[in-house]
2 protein chains.
Amino acid sequence: MLNPLPSWYDIPTKQAILDFVTAVTTERHPDFVPPAERIATFDNDGTLWCERPLLIQIFFLIDRIKSMVAENPTLATQQPFKAIVEQDLETLKTFGKKELLILMFSSHTAMTPEEFAQIAQTWFKSATHPRFQRLFKHCVFQPMVELLQYLQSSGFKTFIVTGGGIEFVRSIAEEIYGIPPEQVIGSSSKTRFEWRDGQPNLIKLPELNSFDDREEKVKNIHLHIGRRPILAVGNSDGDLAMMQYAAAGSGRHLTLLLHHDDAEREDAYDRDFRLSPLTIALDEVPKLGGRVISMKQDFAQVFPPV
Amino acid sequence: MLNPLPSWYDIPTKQAILDFVTAVTTERHPDFVPPAERIATFDNDGTLWCERPLLIQIFFLIDRIKSMVAENPTLATQQPFKAIVEQDLETLKTFGKKELLILMFSSHTAMTPEEFAQIAQTWFKSATHPRFQRLFKHCVFQPMVELLQYLQSSGFKTFIVTGGGIEFVRSIAEEIYGIPPEQVIGSSSKTRFEWRDGQPNLIKLPELNSFDDREEKVKNIHLHIGRRPILAVGNSDGDLAMMQYAAAGSGRHLTLLLHHDDAEREDAYDRDFRLSPLTIALDEVPKLGGRVISMKQDFAQVFPPV
């Protein structure tokens with residue numbers, strides 16, 4: 001692949017990535033890794049696409065709740081629907097990550113995963129990010145998309161390991177990242193198997209199956225993949241366990257931590273982002289032999305051209 | 001692929017498989033399915049390898065328990081260890097499927113998945129089936145291995161969806177079926193993330209996470225794959241929900257049910273196999289448009305040459 005990472009500046013981070021991929025894919029190199037073991041895991045929110053001022057899935061949730069309220073107006077008088085309908089960002093920001101996910105699941109019940117995917121895919125066709133004024137599905141980080149493509153064309157199997165809803169991310173991951181549903185691991189609700197109109201279906205239940213964050217990411221990597229990643233990429237303390245797990249593997253490995261330090265082009269935040277802070281990973285990742293990616297210094301462009 | 005299924009007799013079952021694969025892989029055919037959606041799910045015990053007189057994993061369990069008793073002889077006086085050490089098949093046969101799995105998990109605790117995989121892989125190198133007098137890893141059904149290879153070379157992604165332990169099957173699936181760990185779905189125990197000797201590890205816990213049988217197979221297909229299979233293959237009522245789920249998809253699909261009716265070459269059983277009976281699926285699968293495979297009439301050979 002000629003010039004595989006055009007949207008990365010030619011500074012040490014890019015070189016570290018190129019060196020790593022070259023080493024593990026070169027057959028006579030001492031760090032060679034057979035293709036089947038080239039597992040790369042990526043966080044999604046804040047790593048592959050933007051997550052501020054709100055997670056993209058929260059924007060989706062707001063629109064879903066508005067649709068529900070339109071059908072059943074009495075909902076608008078009750079919390080948490082009230083805060084959402086009134087776009088009460090201050091109240092929304094006080095919700096924890098887990099609370100938000102449970103709220104999300106509770107607004108997605110009594111439907112099959114296929115019905116949910118249809119709703120999400122329809123939403124992604126036109127929903128627009130309020131700050132970046134582009135479709136949400138175009139709020140991906142171009143250098144990360146190039147990194148995914150570079151890895152995929154180098155025989156890696158790329159996985160998303162996200163705190164976001166597994167079905168929400170699956171509904172769009174193939175289109176924007178080239179990652180098929182079976183390579184998306186995420187937070188999930190329980191399902192019920194039932195017969196409806198003579199057909200077997202699953203129904204999404206308002207009950208958490210897995211909240212895929214921190215150490216749970218490692219457990220889910222084991223459950224879904226069954227191999228230790230050799231490359232792990234994240235942007236918050238919620239990704240640190242996954243990165244430590246990758247770095248403890250016996251062969252060559254690389255961990256990458258995206259630091260949002262570019263208020264002008266995207267955003268600048270770390271320990272102050274209550275929902276998903278970046279605090280200790282900033283110190284820990286370099287100790288793992290990993291690299292902190294500076295959005296400001298490493299990304300030649302942030303978003304894809306549209 | 002020339003003559004892709006040499007160990008199948010040229011009778012209607014083989015032709016149905018060839019017709020199906022040709023249809024879904026031919027671009028201008030009305031039933032064409034893009035490669036990404038060519039998902040095939042296979043049960044393992046009794047479908048890809050033999051399961052009688054005992055599940056292969058039970059033979060493994062017996063050897064594990066014997067090793068444990070050798071280290072701690074007082075165990076031999078207690079049930080259920082007693083029945084195992086004494087090879088009391090009659091008592092063992094009274095155990096239910098779920099009981100056996102829980103017993104299995106309880107004998108596999110306080111170790112990492114990597115340590116477990118190492119034990120299983122070592123066992124597979126030399127452990128021999130008492131009836132067939134061949135390595136357990138050679139107790140696979142040759143026609144099914146050919147079917148897997150045919151599907152893989154036709155752009156299918158082949159998954160195992162087994163009631164057996166996910167780590168046990170993963171330890172050997174790549175070698176004998178060409179199926180990587182991330183395409184093995186199975187029964188699983190819970191894990192704990194912990195630091196040991198300064199390294200992050202998972203530890204297998206004696207607690208069931210998922211018993212992957214019947215409707216749970218469908219839930220796990222959704223959790224791990226996120227797409228409905230277009231081909232589902234099984235051999236018992238425990239696989240029926242998975243086959244019904246595949247058959248309810250919107251496009252072309254095929255379901256195959258292996259009937260063990262060959263006492264001479266392998267075994268003959270269905271409703272009388274208490275652990276995993278085949279009763280209603282024999283009637284239901286043809287109603288789904290599926291096919292019952294007769295081992296006696298369809299398999300030109302049963303096991304691979306060794």
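In this predicted model, B:His224 is the residue of chain B that comes closest to the rotation axis, its C-alpha lying at 3.1 Å. The axis relates the two copies. A turn of 180° with a shift of 0.0 Å along the axis lays chain B on chain A, and the RMSD is 0.0 Å. This is the relation of a two-fold axis.

The contact between the chains draws 26 residues from chain B and 26 residues from chain A. On the chain B side, four elements give two or more residues each: strand E3 (184-196), strand E4 (199-210), helix H9 (215-224) and helix H10 (240-247). H9(B) gives the most, with six residues. By character, the residues on this side of chain B comprise 14 nonpolar, seven polar and five charged. Of the interface residues of chain B, 100% are also interface residues in chain A, so the copies meet through the same surface.

The fold of a single copy was examined in chain A. Its secondary structure comes to 12 helices and eight strands. The C-alpha atoms of chain A fill a box of roughly 65 × 50 × 35 Å along the principal axes. For 306 residues, a compact globule would have a radius of gyration near 19 Å; the 20 Å of chain A agrees with this. Of its 306 residues, 44% count as buried. Contacts in chain A often span long stretches of sequence. Among those between residues at least 6 apart, 66% join residues at least 24 apart.

One helix of chain B shows how the inside of a chain and the partner chain come together. Helix H6 of chain B covers residues 113-126. At 1.5 Å a residue, its 14 residues should span 20 Å, and the end C-alpha atoms are 21 Å apart, which agrees. Its buried residues are B:Pro113, B:Phe116 and B:Ala120. Seen down the axis of H6(B), these buried residues fall within an arc of 60°, so they line one face of the helix. The face turned away from that buried side carries the exposed residues B:Thr122, B:Lys125 and B:Ser126.

The cover over the buried residues of H6(B) comes from both chains. Chain B contributes helix H2 (56-71), helix H8 (166-177) and E4, among the covering elements. From chain A, the cover includes helix H9 (215-224). In chain B, E4 also gives two or more residues to the side that touches chain A.

Notes. Residues numbered from 1 in each chain as written. Chains lettered and ligands numbered in written order. Predicted model: local features only at pLDDT ≥ 70, side-chain atom pairs only at ≥ 80, totals over all residues. Contact = placed C-beta atoms within 7 Å. Nonpolar A, V, L, I, M, F, W, Y, C, P; charged D, E, K, R; others polar. Least-squares fit on C-alpha atoms with pLDDT ≥ 70 in both. Rg over C-alpha atoms; globule rule 2.2 N^0.38 Å. Buried ≥ 20, exposed ≤ 12 C-beta atoms within 10 Å, placed from the backbone. Expected span 1.5 Å × (residues − 1). Arc of directions from axis to C-beta.
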